[in-house]
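Biologist: I've just opened this model and would like to learn how to read it. Could you walk me through it, one feature at a time?

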Amino acid sequence: MTGAPVPNQEGVAGPFWEAARQGRLVAQRCQGCGYIFLPPRRWCPRCWASQLEWIACSGRGRVYSFTVVHQAPSHFFQRRAPYVLAIVELEEGPRLMANIVGVEPARVHIDMAVQVTFERRGEVPVPQFTPIDKGDEDAEAR
Amino acid sequence: MPRGVAIAAASELPPGRYPHMTVLDLYEEAVSLLLREWHLSPRMIDGLLCAPAGMARGEETDIFTHERLAYALGLRPTFAETVNAGGATYALMVQRACWAIKEGVASAVLCLGAGKFPSVSRGGADAMARMVSHPHFEYIYGAYIVPLYALIARRFMHERGTTPQEMAAVAVAARQWAMLHPHALMRGAGPLSVDDVLASRPIAEPFHLLDCSVPCEGGGALVVARDDVAMEINPRPAHILGWGEFHSHGYVTWAPELATAGARWSIEQAYARAGLGPSDIRVAELYDAFTICPIILLEEAGLARRGEGGRLFAQGHCSPGGPLPVNTYGGLLSYSHTGDASGLSMIVEGALQVMGRAGARQVPEAEVVLVHTYGGMMAEHSTLILGRRR
């Protein structure tokens with residue numbers, strides 16, 4: 001694998017990627033039990049209801065866990081190494097994997113406040129996260 | 001009276017490189033070794049469990065492995081299948097054999113495994129990344145096995161206070177045990193220090209190269225049998241006192257309990273079935289793809305207090321001569337990781353310890369041994385408790 005990996009935008013996740021093309025981050029909410037989740041699914045993983053709706057997310061969240069990757073799985077990512085691979089917990093609850101960009105890897109920490117930014121991969125804007133300045137000041141104060 | 005079940009026989013090929021052999025050849029090599037080491041005859045065996053040959057290599061996975069091996073062995077079993085749960089495969093085989101035997105479906109089940117770890121440098125890391133990560137929501141960010149486990153490690157360190165030095169001590173203890181095992185792959189590399197581990201090159205923080213298990217090739221075999229059949233094969237079998245199973249998540253990002261991966265739900269079942277608790281365990285064999293894993297599992301098994309698993313390793317408690325020996329064969333970290341067959345190594349060792357056949361590394365007090373294995377990205381768990389007495 002040498003090219004940029006691109007997500008499949010077909011199927012149940014279609015509206016997620018359509019929103020991403022408009023610079024918006026969305027999640028699914030179950031109309032039965034109210035559970036908000038990602039990645040997109042055909043039914044609610046809590047109650048199995050299939051009546052789901054799309055909601056807009058604030059795009060803000062916190063780093064739940066992260067790693068600085070030095071040895072990458074492919075040439076594409078080795079050119080970016082060292083890069084930060086993280087799990088971000090959104091304000092609305094769902095978790096997403098992403099890279100934390102626009103910051104020195106050594107400054108990333110658990111609970112760091114981050115906001116979504118989109119990286120173009122060919123035709124597809126892929127969600128990534130970058131620190132919110134205030135979050136950085138909080139970190140310095142600790 | 002309920003029937004007991006035991007591991008009657010256990011054999012494992014020396015881990016290494018077998019370039020002239022296919023995985024199916026390795027299966028046959030493992031069977032040959034079992035037949036040389038134990039007195040077995042085809043009439044004793046009426047069950048056969050295998051893993052899919054070629055699984056971790058992502059090429060030509062053979063889901064009919066049990067049919068090919070039943071043919072090779074001249075068996076016509078009443079109970080047979082090819083089963084997979086990654087590293088948890090073999091402990092699950094032992095459990096399934098227990099059920100079949102207790103139901104009277106079989107009386108002695110041959111459990112076989114062989115594997116070749118894919119070459120990480122020649123595209124193997126990417127092939128495995130595609131297998132274990134979500135294709136559209138994880139893979140595209142440069143996720144693969146080491147960083148996915150690093151995410152578990154970082155969260156566990158955050159919640160429990162484990163340090164990189166304590167993780168390095170797990171690799172040091174594994175090497176100490178490996179020095180006592182004639183087949184451990186890293187035996188010849190000599191002892192390790194905490195500083196050696198911390199000075200090895202970073203792969204995905206907090207993991208250095210020496211925080212990761214050693215890839216190689218190998219295979220092995222177990223005979224799980226009803227007590228009376230087991231005693232015919234081996235007068236000191238490893239009685240299976242308890243077992244547990246739990247499947248926690250499909251992908252790391254959405255694991256409900258990221259720091260501990262849900263391991264305790266499997267371990268608690270095993271304790272309950274055995275009617276035993278942490279204070280009864282004399283030796284623990286804990287699947288150790290990375291140094292953080294035995295620390296997590298010690299705490300989840302109640303063998304260390306919350307946040308103190310790492311300290312036990314750092315203080316030498318889990319090393320040879322310590323009060324709680326862990327991974328007495330050198331672990332996947334220093335004995336080595338045989339790809340698809342890795343989950344067999346710690347069961348073979350647990351059984352040999354209970355049988356009193358572990359040679360220079362024998363722990364005299366190995367009356368009751370806990371074996372915990374997991375598969376996927378620490379997603380599926382299987383626990384066994386083995387004992388000298390029923």
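Biologist: Let's start with a single side chain: is Met157(B) buried or exposed?

Modeller: This is a predicted model, so keep that in mind throughout. To judge a residue, look at its relative accessible area, where under 20% means buried. Met157(B) comes out at 12%, so it counts as buried. You'll find Met157(B) in helix H5 of chain B, which covers residues 145-160.

Biologist: Which residues does Met157(B) touch, leaving aside those up to four places away in sequence?

Modeller: Thr162(B), Thr163(B), Pro164(B), Met167(B), Pro206(B) and Ile292(B). You can also compare distance along the chain with distance in space. Met157(B) and Ile296(B) are 139 residues apart in sequence, yet their C-alpha atoms are 9.7 Å apart.

Biologist: Ile296(B) makes me curious about its helix. How many residues of helix H10 of chain B are buried?

Modeller: Nine of its nine, so this helix, residues 292-300, is mostly covered. The buried set includes Ile292(B), Cys293(B) and Pro294(B), and also Glu299(B) and Glu300(B). Just after H10(B), have a look at the backbone of Gly302(B), which takes a positive phi of about 75 degrees.

Biologist: What do those two glutamates do with their charges?

Modeller: Check for salt bridges that share partners. Glu299(B) and Glu300(B) belong to one such network, together with Arg160(B), Glu257(B) and Arg264(B). Over all chains the structure holds 23 salt bridges.

Biologist: How do I read a single salt bridge, say the one between Arg29(A) and Glu53(A)?

Modeller: Look at the N to O distance and then at where each partner sits. Here the distance is 3.0 Å. Arg29(A) is in strand S1 and Glu53(A) in strand S3 of chain A, so the pair ties together parts that are 24 residues apart in sequence. Both partners are partly exposed: Arg29(A) has a relative accessible area of 30%, and Glu53(A) has 26%.

Biologist: And where the partners sit in one helix?

Modeller: Try Asp126(B) and Arg130(B), whose side chains meet at 3.5 Å, N to O. They are four residues apart in helix H4 of chain B, which means about one helical turn separates them. Asp126(B) is buried, at 9% relative accessibility.

Biologist: How many residues apart in sequence are the parts tied together by Arg390(B) and Asp227(B)?

Modeller: The answer is 163. Arg390(B) lies in the segment after strand S11 of chain B, while Asp227(B) is in helix H8 of chain B. Their closest N and O atoms are 2.9 Å apart. Asp227(B) is buried, with a relative accessible area of 18%.

Biologist: Now the two chains. How is an interface sized up?

Modeller: The size of an interface is often given as the accessible area lost when the parts come together. In this model, chain B and chain A bury about 3000 Å² between them, with 63% of it on carbon and sulfur atoms. Phe137(B), Ile140(B) and Tyr141(B) supply 26% of the area that chain B buries against chain A, more than any other three residues. Counting contacts instead, 32 residues of chain B meet 38 residues of chain A.

Biologist: How many salt bridges are there between chain B and chain A?

Modeller: Zero. For a close-up of the contacts, try Leu85(A) in strand S5 of chain A. Leu85(A) is buried, at 0% relative accessible area. Its contacts include Phe66(A) and Met97(A) in chain A, and Tyr141(B), Pro147(B) and Leu151(B) in chain B.

Biologist: Last topic: empty space. What should I look for in a pocket?

Modeller: Start with the volume, then the lining. The largest pocket holds about 1100 Å³. Of its 46 lining residues, the closest to the centre are Phe117(B), Met128(B), Ile145(B), His337(B) and Met377(B). H4(B) gives the most to this lining, with six residues. By type, the lining divides into 30 nonpolar, 12 polar and four charged residues.

Biologist: And how much space lies in the largest cavity?

Modeller: About 40 Å³. Its lining includes Val170(B), Asp288(B), Pro294(B) and Phe313(B). Helix H6 of chain B provides the largest share of that lining, three residues. Sorted by type, the lining has seven nonpolar residues, one polar and one charged.

Notes
Residues numbered from 1 in each chain as written. Chains lettered and ligands numbered in written order. Predicted model: local features only at pLDDT ≥ 70, side-chain atom pairs only at ≥ 80, totals over all residues. Heavy atoms only, no water. Helix = DSSP H or I, 4+ residues; strand = E, 2+ residues; numbered from the N terminus. Buried < 20%, exposed > 50% of the residue type's maximum accessible area, 1.4 Å probe, protein only. Contact = heavy atoms within 4.5 Å. 1 Å grid on protein atoms, 1.4 Å probe; cavity = no way out; pocket = protein on both sides within 12 Å on 5 of 7 lines; lining within 4 Å. Points joined across faces, edges and corners; volume = space filled by probe spheres on them. Nonpolar A, V, L, I, M, F, W, Y, C, P; charged D, E, K, R; others polar. Buried area = accessible area lost by both parts, 1.4 Å probe. Salt bridge = Lys/Arg side-chain N within 4 Å of Asp/Glu carboxyl O.
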